Amino acid sequence: MTSPATKSGTALPLPASLAALELLHIEAIGPVLHVRLARPAKRNAINDALVAQIHTAFANLPDETRAVVLSGEGEHFCAGLDLSEISERSVAEGIVHSRSWHAAFDQVQLGRVPVVAVLHGAVVGGGLELAGACHVRVAEASAYYALPEGQRGLFVGGGGSARIPRLVGVARMTDMMLTGRVYDAKEGLAIGVSQYVVENGKGIEKAFWLAERIAANAPLSNFAVMHALPRIADMSQSDGLFVESLMAAIASGDEAAKSRVRDFLAGKAGKVKKQ
Ligand code: 1HE
């Protein structure tokens with residue numbers, strides 16, 4: 001995995017509430033907050049403490065943060081649920097546990113700013129559920145995706161049944177869970193798990209480049225993409241079009257939109273170019 005040396009800018013001081021989270025390594029680099037899962041000895045498996053810390057981090061983003069890059073330390077993004085914790089749970093406790101993941105991952109997906117995930121190595125089970133709560137996914141060539149819940153006698157519990165079919169479709173998720181099928185990084189790109197594949201070691205650099213572009217957008221546009229777009233996709237066409245009109249008028253009525261449009265018309269803003 002790449003070192004933070006690929007990022008430009010100097011690390012800024014963090015609020016104490018974020019600096020205290022020992023299972024996450026967090027750095028603020030200008031408008032981009034880099035959040036790293038930091039349990040590499042356990043392949044970043046998500047235990048109760050880590051899910052709580054993910055919730056806390058995304059609920060307490062510094063005011064200056066305009067985008068987040070989420071990655072994992074070590075050889076893998078995330079091995080999913082910490083399996084050492086489940087044997088002691090009753091059915092009722094299992095429901096509460098799953099709901100704690102929902103709350104944390106909702107905070108990622110429906111928080112204040114967009115999140116770019118960097119995926120490498122194993123992105124499995126709850127790790128894929130976490131990746132699915134992010135807004136843009138960059139995969140390194142080493143990434144692979146699986147839902148081993150079926151083989152472990154489990155079901156997804158971190159929002160995967162709602163989010164993963166929206167990326168890859170119900171049929172593919174069904175196959176992954178029933179047969180243990182594993183997709184590699186290139187296949188993951190083709191089926192819609194990630195939007196980008198880059199060489200090993202280049203994921204953080206690419207994610208920062210994307211996050212800095214996202215951070216430069218008008219905040220209301222980013223809000224609309226994060227909060228209105230997925231909800232509209234769940235609505236009937238008629239309801240969706242109505243909400244779209246409201247959101248479009250709110251965004252375009254904001255001074256940030258008006259000044260950007262004025263800049264373009266005055267020849268002061270960038271044109272759309274091939275990248
Ligand atoms: C773990 C976990 C884990 C590793 N819970 N401890 N997830 C899975 O079924 C995936 C299980 N993990 C694996 O298949 C492999 O560990 C990996 C492919 C991810 C990585 O392999 P490798 O060879 O690099 O590491 P390792 O030697 O298997 O694991 C290193 C340590 O991490 C080892 O602990 P140690 O104390 O013996 O050193 C492993 O036990 C530990 N470890 N993965 C606990 N998942 C909300 S519902 C979500 C439901 C799910 O996510 S189900 C899918 C669970």
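**Helix 3 and strand 5 in a predicted model**

Trainee: This is a predicted model, so how do you know that the length of helix 3 agrees with its number of residues?

Mentor: Helix 3 covers residues 91-109, which is 19 residues, and at 1.5 Å a residue they should span 27 Å. The end C-alpha atoms are 27 Å apart, so the two values agree.

Trainee: What makes the buried residues of helix 3 line one face?

Mentor: Seen down the helix axis, they fall within an arc of 140°, so they line one face of the helix. The buried residues are His97, Ser98, Trp101, Ala104, Phe105, Val108 and Gln109. On the other side, Ala92, Ile95, Val96 and Arg99 are exposed, each with over 50% relative accessible area.

Trainee: Good, and what covers the buried residues of helix 3?

Mentor: The cover includes helix 2, helix 4, helix 6, helix 10 and strand 5 (115-119).

Trainee: Why is strand 5 called mostly covered?

Mentor: Buried means under 20% relative accessible area, and 5 of the 5 residues of strand 5 are buried. Val115, Ala117 and Leu119 point one way, while Val116 and Val118 point the other way.

Trainee: How do you know that strand 5 pairs with strand 4 and with strand 7?

Mentor: Pairing needs at least two bridges. Strand 4 and strand 5 have 3 bridges, in the parallel sense, with Ala117 as the bridge partner of Leu70. Strand 5 and strand 7 have 4, also parallel, and there Leu119 is partnered by Ala139.

Trainee: Which unit do strand 4, helix 3 and strand 5 make?

Mentor: Together they make a right-handed β-α-β unit.

Key: Residues numbered from 1 in each chain as written. Predicted model: local features only at pLDDT ≥ 70, side-chain atom pairs only at ≥ 80, totals over all residues. Heavy atoms only, no water. Helix = DSSP H or I, 4+ residues; strand = E, 2+ residues; numbered from the N terminus. Expected span 1.5 Å × (residues − 1). Buried < 20%, exposed > 50% of the residue type's maximum accessible area, 1.4 Å probe, protein only. Arc of directions from axis to C-beta. Contact = heavy atoms within 4.5 Å. Right-handed = clockwise from strand over helix to strand, strands pointing away.
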